[in-house]
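This report looks at charged contacts and ring contacts between side chains. The sequence and the structure come first.

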Amino acid sequence: MRPWTFTLIAAACLAGLAVLRAQESSPMPSAPKATTVEPSTTSTVMRTNSMTVLDDKKRLGPNDYISFRVVEDRDDESQHLRVNDNGELEVPYIGLVQAAGRSCKELAYSVKAALEREYYYHATVIMAVDHISEKSRGKIYVYGSVKGQGPQEIPADEIYTVSKAIIRAGGFGDIANKRKVRVTRKDGKNFVVDLKRIIEEGHTDEDLVLEPDDQINVPQRLINM
């Protein structure tokens, strides 16, 4: 074999070996990561079989839309119901039920009792808000030792509490009694709310959720002269 022929063969072998080594050392392209979509709050709630986790804060109002399911029906599909202009919800089997001013949890337990009287031995009722109407929920009224007395619109998209109403009123007056804020309902019920404990000590679970036509009166504290 001629010397130059041997040289060509050797060069070709070395080149092939270099290609193989480069392929071995190069990282394999990674597979594309699967995109995960977080389920909405409503769909998460609607997959539960427990009534204890239902929302008990937000108050329903006219033109709200609700998902409704009875677990014992063994049906994965929920029904979508609308609160009508009179504040009533037409529930399968039992007809119109007062919904405005009630939370999903309160309403679910009320529907459960009605269903068990006539149609079910045991009913687990799951309800969740699909859509909150953008219309005003009505008004509440703030009086007494605050910086801005008067009516306030109840926002449609939030849980409106006594502390939020006081903040919107500009805060307390200089000699306000924060521990004895009184809330009076249109049905005559009265509540005394300790806002010092709620705001300054962090007991937010005691913050009363307001309803239309609630009147908040912030008294002045006694001053010893």
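Which residues are linked with Lys178 in a network of salt bridges? The network is made up of Lys178, Lys196 and Glu200. The model is predicted, and the values below are computed from it.

## The salt-bridge network

In the contact between Glu200 and Lys178, the side chains meet in a salt bridge at 3.3 Å, N to O. This pair links distant parts of the chain, 22 residues apart: Glu200 belongs to helix α5 (residues 195-200), while Lys178 sits in the loop between α4 (162-168) and β8 (181-184).

Neither extreme of exposure applies to this pair: Glu200 is partly exposed at a relative accessible area of 47%, and Lys178 is partly exposed at 29%.

## Other salt bridges

Across the whole structure, the search finds twelve salt bridges. One of them joins Asp213 and Lys186, with the closest N and O atoms 3.8 Å apart. Asp213 lies in the loop between α5 and β10 (215-218) and Lys186 in the loop between β8 and β9 (190-193), so this salt bridge ties together parts that are 27 residues apart in sequence. Lys186 is exposed, with a relative accessible area of 68%, whereas Asp213 is partly exposed at 33%.

Another salt bridge is formed by the side chains of Arg82 and Asp85, at 3.3 Å from N to O. Here Asp85 is exposed, with 57% relative accessible area, and Arg82 is partly exposed at 35%.

## The tyrosine cluster

The search for aromatic contacts finds two pairs in the whole structure. Tyr93 and Tyr119 form a tilted pair, with 5.2 Å from centre to centre and 35 degrees between the planes. Tyr93 is in the loop between β3 (88-91) and β4 (95-98), and Tyr119 is in the loop between α3 (104-118) and β5 (125-131); the pair links distant parts of the chain, 26 residues apart.

Tyr93 also pairs with Tyr120: the ring centres are 6.2 Å apart and the planes stand at 75 degrees, so this pair is edge-to-face. Tyr120 is in the loop between α3 and β5, 27 residues from Tyr93. Together, the ring pairs link Tyr93, Tyr119 and Tyr120 into a cluster.

## Exposure within the cluster

Is Tyr120 buried or exposed? Tyr120 is buried, with a relative accessible area of 13%. Its ring partner Tyr93 counts as exposed at 53% relative accessibility, and Tyr119 is partly exposed at 48%.

Methods:
Residues are numbered from 1 along each chain as its sequence is written. This is a predicted model: local features need pLDDT of at least 70, side-chain atom pairs count only at pLDDT 80 or more; totals for chains, interfaces and linings use all residues. Side-chain values use heavy atoms; hydrogens and water are left out. A salt bridge is a side-chain nitrogen of Lys or Arg within 4 Å of a carboxyl oxygen of Asp or Glu. Buried means under 20% relative accessible area, exposed over 50%, partly exposed in between (1.4 Å probe, protein chains only). Helices (H or I, at least four residues) and strands (E, at least two) are DSSP runs, numbered from the N terminus. Rings of Phe, Tyr and Trp (its six-membered ring) pair if their centres lie within 6.5 Å; planes under 30 degrees apart count as stacked, over 60 as edge-to-face and the rest as tilted.
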